[in-house]
Amino acid sequence: MPVNTSRSTLEAGASTGVQPCTQSPSDRDDVVVQLPLSAIRDADSPRSAGVDLAYARSMAEIEADLPPIVVHRETMRVIDGMHRLTAARLRGEQEIRAQLFDGDDHEAFLVAVRLNVSHGMPLTLADRRAAAVRIIRSHPQLSDRAIAFTSGLAAKTVGSLRRGIDSPPVEARIGRDGRVRPINGAAGRQAAAELIAVHPEATLRRIAQEAGISVETARSVRARLRAGEDPVLDRRTRPERGDRDVDRQMTVKLPEADPSQELRSLLDSIQRDPSLRYTESGRVLLRWLGPRVLVPDEIPLTLSHIPPHSRLNLTSLARSCAAAWIQLAMGLEDEYGNTAVGELSG
């Protein structure tokens, strides 16, 4: 994410007595500064319901220092931390710890959504969908998976939202890994095949760069040409692999009636899988899963019985665990093309 070092940005920092910051909040070693509450403006928040005063009051009762909020340097709007800001106001404090973000309004909103999805009070599904639509319109070049990761939705949900709005057309999209990939993969493969025909001695890296595809795709095109096969591997016309029927049989769809029962059955199936139980790597996975899987009806007490001073920490813990599981699900989708898990998170 580019850093804004324009004169207006530096003057905005100088007006609050803060030294210019050259890092984005995505870096964990950001400079933390003290900002006067009077200089901070309310957020352009993805949270439609605004600040939950009960939640802010519970934060105000915490004696320990709260994490610094994130503020957009150019506008002095809160990017992340409206509940912490409200808690500071309720305490009657004059200053608050903050990190400053340099970037335009659209980038600031991206950061706001990502941070609100990954920790703190959860965004509603409606808020996440609305945020995704706004990101699609402001950043049409981002892939469905990149937007899904930011907004806490499934990639298929983002794709459906994209098809339902007038999104500016683009020839390529930026993935979660930062790589640019053409939307029409067949065109890139065809271009690579033509380059290989003209320059058979060219390296895979050169072919990939000139055709606008990945090195692995260039390797695949060259291998298919050498085998006398069509280099344009179109997923819509690709012959079905013999094991795809097995993949479909293993896909689990949770019933609406009792999802916890189905989850327990799914977990039991994983734990009894011989390919996991009788291999070292499988046993490592099962040991890792052991203390990390919580079926919904296994929560040992009702939420109303959790004391107010513990709710903030428990909420942050739950959101962090959820974010880790979402990253695992998306990684599995990227690796194996199985979207069943991702749909559960949407």
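# A guided tour of the predicted chain

Start with a search of the whole structure for aromatic pairs: the count comes to zero. Keep in mind as you go that this is a predicted model.

**The whole chain**

Before zooming in, colour the chain by secondary structure. You should find 16 helices and six strands. Next, try colouring by accessibility: of the 346 residues in the chain, 35% are buried. If you like contact maps, take the contacts between residues at least 6 apart in sequence; 67% of these join residues at least 24 apart.

**Stop 1: a charge over a ring**

Aromatic pairs may be missing, but there is still a ring to visit. Select F109 and R134. R134 lies over the face of F109, and the distance to the ring centre is 3.7 Å.

**Stop 2: strand β2 and H72**

Now go to strand β2, where you will find H72. Is H72 buried or exposed? Its relative accessibility is 2%, so H72 counts as buried. Show its side chain together with that of T75, and you can draw a polar contact of 3.0 Å between the two. Then widen the selection. Setting aside residues up to four places away in sequence, H72 touches R77, I79, F101, G103, D104, D105 and A108.

**Stop 3: the loop with M76**

Follow the chain from β2 into the loop that leads to β3; M76 sits in this loop. Check its backbone torsions here. M76 is not a glycine, yet its phi is positive, about 60°. With a relative accessibility of 9%, M76 falls under the 20% cut-off and therefore counts as buried.

**Stop 4: strand β3 and D80**

Step on to strand β3, residues 78-80, and pick D80. Its relative accessible area is 6%, so D80 is buried. Which residue shares a side-chain polar contact with D80? Select R84: the two side chains are joined by a polar contact of 2.8 Å. For the rest of the surroundings, leave out neighbours within four places in sequence, and D80 is in contact with I69, V70, L115, N116 and H119.

**Stop 5: strand β4 and E95**

The next selection is strand β4, residues 95-101, which holds E95. Its relative accessible area of 42% lies between the 20% and 50% cut-offs, which means that E95 is partly exposed. Add residues 34 to 37 to the view. E95 touches Q34, L35, P36 and L37, with residues up to four places away in sequence not counted. Of these contacts, look at Q34 in detail: a polar contact of 3.4 Å joins its side chain to that of E95. Then put a distance label on L37. The C-alpha atoms of E95 and L37 are 5.3 Å apart in space, although the two residues are 58 apart in sequence.

**Stop 6: helix α6**

Move along to helix α6, residues 144-151. This helix is mostly covered, with six of its eight residues buried. Which residues of α6 are buried? Highlight D144, A146, I147, A148, T150 and S151 to see them. Just after the helix comes G152, and its phi is positive, near 75°.

**Stop 7: two helices that cross**

Select helix α9 (residues 204-211) together with helix α10 (residues 215-226). Their axes are 8 Å apart, and the two helices pack at an angle of about 105°. This makes α9 roughly perpendicular to α10. To see how they meet, show L204, R205, I207 and A208 on α9, then V215, A218, R219 and R222 on α10; these residues make the contact.

Stay with V215 of helix α10 for a moment. Its relative accessible area is 28%, so V215 is partly exposed. Not counting residues up to four places away in sequence, V215 touches L204, R205 and A208. You can also label its distance to T203: 9.5 Å from C-alpha to C-alpha, with the two positions 12 residues apart in sequence numbering.

**Stop 8: the loop with V293**

Finish at the loop between α14 (280-289) and α15 (308-336), where V293 lies. V293 has a relative accessible area of 27%, so V293 is partly exposed. For a last distance label, pick W325. V293 and W325 are 32 residues apart in sequence, and their C-alpha atoms are 10.0 Å apart in space.

Definitions and conventions
Residues are numbered from 1 along each chain as its sequence is written. This is a predicted model: local features need pLDDT of at least 70, side-chain atom pairs count only at pLDDT 80 or more; totals for chains, interfaces and linings use all residues. Side-chain values use heavy atoms; hydrogens and water are left out. Helices (H or I, at least four residues) and strands (E, at least two) are DSSP runs, numbered from the N terminus. Buried means under 20% relative accessible area, exposed over 50%, partly exposed in between (1.4 Å probe, protein chains only). Contact means heavy atoms within 4.5 Å. A polar contact is a pair of N or O atoms within 3.5 Å; within protein, one must be able to donate a hydrogen and the other to accept it, and residues adjacent in sequence count only if both atoms are side-chain atoms. Rings of Phe, Tyr and Trp (its six-membered ring) pair if their centres lie within 6.5 Å; planes under 30 degrees apart count as stacked, over 60 as edge-to-face and the rest as tilted. A charge sits over a ring if NZ of Lys or CZ of Arg is within 6 Å of the ring centre and within 35 degrees of the ring normal. Axes are lines fitted to C-alpha atoms, for helices over the stretch in contact, and angles run from 0 to 180 degrees between N-to-C directions. Angles under 35 degrees count as roughly parallel, over 145 as roughly antiparallel, 65 to 115 as roughly perpendicular and the rest as oblique.
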